[in-house]
Protein chains: 4
Amino acid sequence: MTDVAGGKTIDVAVFGAGRIGRIHAANLARQPGVRLKYVVDVNKDAAASLAALHGAQVADIDGAMGDASIGATVICSSTDTHADLIQYSAAQKKHVFCEKPVDLTLERARTCAQAVERAGVVCMIGFQRRFDPTFAALKARIDAGEIGTPEMLIVTSRDPGAPPVEYIKHSGGIFKDMLIHDFDIFRWILDDEAETLHATGSCLSDPAIAEAGDIDATAVTIRTKSGRLCQINTARRAAYGYDQRFEVLGSTGMLQAGNVRPTEVVAYSKTEVSSDVPEAFFLERYRAAYAAEIAHFFEAVTQGKPVRTTVADGLKALELADAATRSWREGRPVRLGESA
Amino acid sequence: MTDVAGGKTIDVAVFGAGRIGRIHAANLARQPGVRLKYVVDVNKDAAASLAALHGAQVADIDGAMGDASIGATVICSSTDTHADLIQYSAAQKKHVFCEKPVDLTLERARTCAQAVERAGVVCMIGFQRRFDPTFAALKARIDAGEIGTPEMLIVTSRDPGAPPVEYIKHSGGIFKDMLIHDFDIFRWILDDEAETLHATGSCLSDPAIAEAGDIDATAVTIRTKSGRLCQINTARRAAYGYDQRFEVLGSTGMLQAGNVRPTEVVAYSKTEVSSDVPEAFFLERYRAAYAAEIAHFFEAVTQGKPVRTTVADGLKALELADAATRSWREGRPVRLGESA
Amino acid sequence: MTDVAGGKTIDVAVFGAGRIGRIHAANLARQPGVRLKYVVDVNKDAAASLAALHGAQVADIDGAMGDASIGATVICSSTDTHADLIQYSAAQKKHVFCEKPVDLTLERARTCAQAVERAGVVCMIGFQRRFDPTFAALKARIDAGEIGTPEMLIVTSRDPGAPPVEYIKHSGGIFKDMLIHDFDIFRWILDDEAETLHATGSCLSDPAIAEAGDIDATAVTIRTKSGRLCQINTARRAAYGYDQRFEVLGSTGMLQAGNVRPTEVVAYSKTEVSSDVPEAFFLERYRAAYAAEIAHFFEAVTQGKPVRTTVADGLKALELADAATRSWREGRPVRLGESA
Amino acid sequence: MTDVAGGKTIDVAVFGAGRIGRIHAANLARQPGVRLKYVVDVNKDAAASLAALHGAQVADIDGAMGDASIGATVICSSTDTHADLIQYSAAQKKHVFCEKPVDLTLERARTCAQAVERAGVVCMIGFQRRFDPTFAALKARIDAGEIGTPEMLIVTSRDPGAPPVEYIKHSGGIFKDMLIHDFDIFRWILDDEAETLHATGSCLSDPAIAEAGDIDATAVTIRTKSGRLCQINTARRAAYGYDQRFEVLGSTGMLQAGNVRPTEVVAYSKTEVSSDVPEAFFLERYRAAYAAEIAHFFEAVTQGKPVRTTVADGLKALELADAATRSWREGRPVRLGESA
């Protein structure tokens, strides 16, 4: 990494040229002072195509990690590679932006966190929802005291459809794969930690998901150390699309974060008044959030500021996902921190 | 009329047992201290049926007008009978509630106004919209200064469908029959009088309306003496039902009065998010307004207070309807008060 | 009771002349073929005042129950009197409309249910929410198949403020006093029975409530026998008023029931676009529902049809409230039907 | 211009480095196959700064126009330079994107149109509203027949505040400066031409505007050749910000295009339920539209397709603005095409 303050640029390697890798690559290519140097992917064609789009080169892992000019890595590869790549980056003193989750096991995730801390590099986890304009504005209004003390949080988080069962089998289960974001929202919005957590759920959309040992609809309740309450409802299948809302009841008011619609057309017919369904899925819904989180990461790196979503946040969300999995399997509330 | 203050009741005669007559009869029957004594209608069956419903008697015009115990008349008969019945009531010193319009001609309407004034009786015209909870709340907020000086008013007024052409032929034309309400809203909301008025329109839904010499869609613009602007758009046919909205732009803010929906159900389907169309027509939309205006009338009568919608308001609305008719026919703006 | 089909009327005795008694009295007085004969209340002034308003007489319990002409009783007195009055009515072969809950203990509630069944009288419990136009329309749309199979229900139920602690002490606790309605909504909307229930909660608004052994905010999760999920969030204190919403995720769509607003005014200021807060409290919010449930009761009685909210429904809701209380106290999910 | 189809790029010169010039420069710089070569502005610093941002060069008019490699010009300079630059571009066989209006006089605008036609170059006028996602979706739904025949159009167009009086003096008046966009919307949405137009207005926000011979609030009514109706209401000052809405009543339904909000936060306080005011002004409101129109222009140029907003559209909008100005000044409806 050359000195950005002196007008020089950060060279970046992106790992993973899939859907989310392409989004991060495009967003970081727009940052002043940031240059995409390498794209790394086991799928060489995907890597070459993404590299060509941004004037970058294809590299393999060692090539990218071994290049001292690389100041930061952006890890968008499959979940099972996250921990290794974070540790490799840390060892090479490269700052890291890594998609969630850090890892599917708490143990490896903790090892990553320690590696990052020892290396003194920035490590930001991609909880992009914190950068959504609506969610971020709501959080700022809570922090400004608009609703007094936040006391109750209701999170609605539904996908337009379940992923392939093959994906689900290696996903770590719905709590780690899908609710990990909602657990992070819970910690961020209530600014509190869970004391007990109760999770239940069902498989309602596809028996194959149950056969794979997972569920597709969940109902989670968290009670925090200071007695605040949080309810999360999730479904893999919402026929009307992608539904991402939450509301916070405070001691003096209430704030809701609603969905975003593609257009503001309202239609009146003989039978109904209608508007658009929400943005189709996360790529559309969180377009602005993805751009903002990458900008935030490079701003933090170049200005030496803390990042909003740290590896510690990644660990905490994973602990909640672990607790939820246990609660669901054992049919009982789980106390956070109890020995597993 | 016996002394209400002393616990006695006002006996009332209702003229007209049609749709609106039945609504007023039911509402006045609920007023404490008010008794429906007579129902008068050329259709004897309709009169008998309505009378039976409320324990009243059928009478003819002279019978009802000649009964000294009748303290007030409620006139809901056809428009061409309004003027005569108002004058008859006034001559008998009975207070009058009369449906709009006072008459189709300004001349007869003025004669009525004079008769009422000479007799010293209360005469309220049924501009029920002023009693709609939404409209009345909006007006109160303007009066409280919430939007500074009101400067521009946009009125949307659409019916679910045109009445039969036979009705239209005797209606006095769309400006007297339909926009009379909107002209009253204009005067009430902007609290100002028209200086010039421009009206145009078209016949878009049914050629038979054009053949009857009328139009079914209008666009009216009024500029007031103090330079405020008002635009009214009306249509006899809105496929989605009855649409009654207005908005007021003030110097420091804006207020909108929206439609009322039968229920607050919102539905999400694969293609849209939808809610109910507005209340079907005026009987549903203004249910609360009809009840409130009758209560207001009897309160005014028994307590000697002024009514909110006087015969003078009826005259002013009629003057605007006359001006609009002339403007449309002659294709030019009309100055209010110019000799016709 | 005289024969209504033959044009005769049902004479009714109302027990309890408080807030809800006055509402039911006014609504039943408007039913054709129904006459309010007696008002019974330990507070003689309240009874006399309500009786006078509707031309009824004051009676004591035995007087009213002993009058063979009384065909139906409407029980709006304090909760601890419900069971006795239901049984007394049943013994006298009078139909019963009783406010919720049947009783605070399942045992006495079951005794009531048996008494009613033996007597063969109609016994309707006042779960008025099922008669709310919005809720009833939503239910009808589910039944018509609009969203496929309903799979997940989210209920938001918040009061504008906690009642006095003295009231809370004798209320049976928040689950029996407040959530009893939400438990009925759950059964009605999902048309399924609970298998397991988990409840937690906190006291957030007033420590005196905790000292009285109760909580003021709850988070309940129910999993039904067929695996459907329901989450209920309640709070005694919502700074913005009375909040009564629910949403149902189905296999092919989603339906939401929203709050009702006093007016449809929308205001635009420099900083925000705003509308009314919801109707202030249950008397305003459920005005139409109270009228509809009384009409439904007398229609059922006179036409020999079943009522929508039976004493069995009252029992089921009470069982859920009992289970929730136990789950909260013991910090574990409760299986419905497990021996307490 | 080199051959784009063969993978080569169009070199572009931007005239005007002000607010809108910077937006167009940034948007065109993102188009694949398009390169910003020159920035031209009398303000050399502004030109240099914008050129530097995109790796372009500063040039003067003759330098840019004389460079045969320049395939297209983007004209964002002051209104009085539009006509000359369009004609200069046409003479040099360069395609033209020009901000509205073509010119303040119909005569010069017509000369431009002829020059463009003779030269056979593309000339697109920057009516960006047609590219707004909400407006474009609404238009597509009309074209798909969703509301039958569109019969009535209501346009609301309000700015957050009046520009400086110095600007107003050289603006050509409110009808050419502000309503020119609304006139284009009218033609586009109703797909019809005006037969008569009536305009009135007032100066309500600042007497200096009246002293400059202009008004700040207008009410325009247009009747088309086929009898359709359009009402436009505009104000220079809406206290709540930038308000850009329209609605179209069709024979079988109605479509509304609403404002866009920065976030979807809804807040409940003791007194109101509130959401964000609309996007602050045109730069925010039409961000997506500006990007889409530039993409459309270069797509048309490279693929030889027609543009959506031609110089003929610019002329038509100007004719309507001229007619409105005359109608307002003379206090009478104007027939389009009547000799001025």
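Across the interface of chain D and chain A, zero salt bridges are found by the rule applied here. The structure is a predicted model, and every value reported below is computed from it. Although salt bridges are absent between chain D and chain A, polar contacts are present: ten residue pairs, both members at pLDDT 80 or more, meet in this way across the interface. On the side of chain D that touches chain A, the elements that contribute two or more residues are helix 6 (133-143), strand 12 (254-257) and strand 13 (265-268) of chain D. Helix 6 of chain D provides the largest share of this side, with five residues. Sorted by class, the side of chain D that touches chain A holds twelve nonpolar, six polar and six charged residues.

The extent of this interface can be described by contacts and by area. In terms of contacts, 24 residues of chain D meet 24 residues of chain A. The size of an interface is often expressed as the accessible area that is lost when the parts come together. By that description, chain D and chain A bury about 1,800 Å² between them, and carbon and sulfur atoms account for 51% of this area. Three residues, Glu264(D), Val265(D) and Tyr268(D), supply 32% of the area that chain D buries against chain A, more than any other three residues.

Chain A and chain D are also joined by strand pairing. Strand 12 of chain A, residues 254-257, pairs with strand 13 of chain D in the antiparallel sense, over four bridges. Within this arrangement, Gln256(A) is placed opposite Val266(D), a residue of strand 13 of chain D.

The interface of chain C and chain A was examined in the same terms. Here 39 residues of chain C are in contact with 39 residues of chain A. The area buried between chain C and chain A is about 3,000 Å², of which 58% lies on carbon and sulfur atoms. Of the area that chain C buries against chain A, 17% is supplied by Leu204(C), Gln231(C) and Leu249(C), more than by any other three residues.

Six salt bridges are counted between chain C and chain A. Arg237(A) forms a salt bridge with Glu151(C), and the closest N and O atoms of this pair are 2.8 Å apart. In addition, 16 residue pairs, both members at pLDDT 80 or more, are in polar contact across the interface of chain C and chain A. The elements giving two or more residues to the side of chain C that touches chain A are strand 7 (150-158), strand 8 (194-202), strand 9 (217-224), strand 10 (229-235), strand 11 (243-250) and strand 12 (254-257) of chain C. By class, this side of chain C comprises 15 nonpolar, 16 polar and eight charged residues.

Over all chains, a search of the whole structure yields 106 salt bridges. Within chain A, Asp184(A) and Arg130(A) form a salt bridge whose closest N and O atoms are 2.7 Å apart. This pair links distant parts of the chain, 54 residues apart: Asp184(A) belongs to helix 9 (residues 179-190) of chain A, whereas Arg130(A) lies in the loop between strand 6 (123-125) and helix 6 (133-143) of chain A.

Two domains of chain A are annotated in an unreviewed UniProt entry. Residues 11-127 of chain A carry the annotation "Gfo/Idh/MocA-like oxidoreductase N-terminal" in that unreviewed record. This span is 46% helix and 23% strand, and its end C-alpha atoms are 23 Å apart. Residues 139-336 of chain A are annotated in UniProt, again in an unreviewed entry, as "Gfo/Idh/MocA-like oxidoreductase C-terminal". Helix makes up 36% and strand 27% of residues 139-336 of chain A, with the end C-alpha atoms 25 Å apart.

Key: Residues numbered from 1 in each chain as written. Chains lettered and ligands numbered in written order. Predicted model: local features only at pLDDT ≥ 70, side-chain atom pairs only at ≥ 80, totals over all residues. Heavy atoms only, no water. Contact = heavy atoms within 4.5 Å. Buried area = accessible area lost by both parts, 1.4 Å probe. Salt bridge = Lys/Arg side-chain N within 4 Å of Asp/Glu carboxyl O. Polar contact = N/O pair within 3.5 Å; in protein donor to acceptor, adjacent residues only side chain to side chain. Nonpolar A, V, L, I, M, F, W, Y, C, P; charged D, E, K, R; others polar. UniProt positions renumbered as here; feature names shortened; annotations may be inferred. Pairing = 2+ DSSP bridges.
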